[in-house]
Structure formats: C-alpha cells, structure tokens
Amino acid sequence: MTVARVWHEACFACGTDNDRGLGLDCALQDDGSTSATLIPETWMQGYSGRLQGGIITTVLDSAMCQCLHHHGIEAVTGSLQVRFHRPAPVDGQYRVSAWIDAQRHGAWVMRAELWLAGQRVARAAGIFFPMGQ
C-alpha cells in the first residue's frame, strides 16, 4: 500500500476504503515521478463511450498528489489547469504519470499527463500547498 493510500483511505481517487472510487495506485519511478494504469469502467463515461472529463481531471489531480505523497509531502491542490487533447474512449487502458516541476514559496509546481496507446489524451499543471495552509 502506498503512502498516499494510508494518508487518506476514503479518497475517491486512490483510497482503499472507498469501494465506489477509482482505486488509482501510483507507483514511484526511478526518476522521482509516479505512474499508474487506469482501466475505465462504463460508469465513468460522460458522452456515450467516452471517459467523462471530470474523471480525467480527478485522475490527473490524484497522480500529482500521490507523487508528492511518495516524496513524504502531504499537500492539497491550490490550483489545477487541465488541457484535453483528444476524446478518451471508455474501453482503453490508460497510463497516467506525474512529476514535480519545482518548489516555489512553499508550494509545489506539478505536472501530469494521461496517455492512451502512445497518444497524449490530457495534461495538467497544478500548484499544491502543504496541508494546513
């Protein structure tokens, strides 16, 4: 079980105590980034056969948060900007990756990308603040 899952077990995106959640479990990579596989289910669709944009946004946000958790940082999203590049079919197997770009003024600048079959589906940039601020 990853650190992220221990810190907030009921989380919709990554919590182990949420049987209605996504179950996203990012693994720490050698370069300090995190990555996970997402295999969507039909309940995650918006338009027929397409992954809902809010689910995509949640996955990107969670990947960035889990990246921080793997580095021992408990933080919350301060801002999040998402760019969608192409439609995302529900029947795909996705790869999400996240990494720390920088730390500035006590906040972490993060990036994440969602890929399907070698094509970027979406990307995100976020600013994360330490818990309690």
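1. Glycine 72 comes just after α2 and takes a positive phi of about 80°. Helices and strands here are DSSP runs, numbered from the N terminus (helices H or I, at least four residues; strands E, at least two). The model is predicted, so local features need pLDDT of at least 70 and side-chain atom pairs count only at pLDDT 80 or more, while totals for chains, interfaces and linings use all residues. Residues are numbered from 1 along each chain as its sequence is written, and side-chain values use heavy atoms, with hydrogens and water left out.

2. How far apart are the end C-alpha atoms of α2? They are 26 Å apart. That agrees with the 26 Å that its 18 residues should span at 1.5 Å a residue; the expected span is 1.5 Å times one less than the number of residues. At the start of α2, a side-chain oxygen of glutamine 52 comes to within 2.5 Å of the backbone nitrogen of glycine 54.

3. The buried residues of α2 include Ile55, Ile56, Val59, Leu60 and Leu68. Polar ones are listed too, among them Ser62, Gln66 and His69. Buried means under 20% relative accessible area, exposed over 50%, partly exposed in between (1.4 Å probe, protein chains only).

4. The sheet is open, with six strands in the order β1-β2-β4-β5-β6-β3 and antiparallel pairing. Two strands pair if DSSP finds at least two bridges between them. β1 (27-28) and β3 (75-84) are the edge strands, each pairing on one side only. α2 packs on this sheet and touches β1, β2, β3, β4, β5 and β6. Its direction makes about 135° with that of β3. Contact means heavy atoms within 4.5 Å; axes are lines fitted to C-alpha atoms, for helices over the stretch in contact, with angles from 0 to 180 degrees between N-to-C directions.

5. β2 has partners β1 and β4. The β1 pairing is antiparallel over two bridges; the β4 pairing is antiparallel over five. Serine 35 of β2 stands opposite alanine 27 and also opposite serine 97 in β4. Threonine 34 faces alanine 98 in β4. Five residues separate β1 and β2 in their hairpin, and glycine 32 in the turn has a positive phi of about 90°. Four of the five residues of β2 are buried.

6. The largest nonpolar core has 30 residues. Such a core is a set of buried Ala, Val, Leu, Ile, Met, Phe, Trp, Tyr and Cys residues joined through side-chain atoms within 4.5 Å. Leu51, Leu60, Tyr94, Val96 and Leu114 touch the most other members. Elements giving two or more residues are β2 (34-38), α2 (53-70), β4 (94-104), β5 (107-116) and β6 (119-130). α2 gives the most, nine residues.

7. Not counting residues up to four places away in sequence, leucine 60 touches Val82, Val96, Ala112, Glu113, Leu114, Ala122, Arg123 and Ala124.

8. Is glutamate 113, in strand β5, buried or exposed? Glutamate 113 is buried, at 17% relative accessible area. Its side chain makes polar contacts with the side chains of tryptophan 115 (3.0 Å) and arginine 120 (2.9 Å). A polar contact is a pair of N or O atoms within 3.5 Å; within protein, one must be able to donate a hydrogen and the other to accept it, and residues adjacent in sequence count only if both atoms are side-chain atoms. Beyond four places in sequence, glutamate 113 touches residues including Leu60, Arg95 and Trp99.
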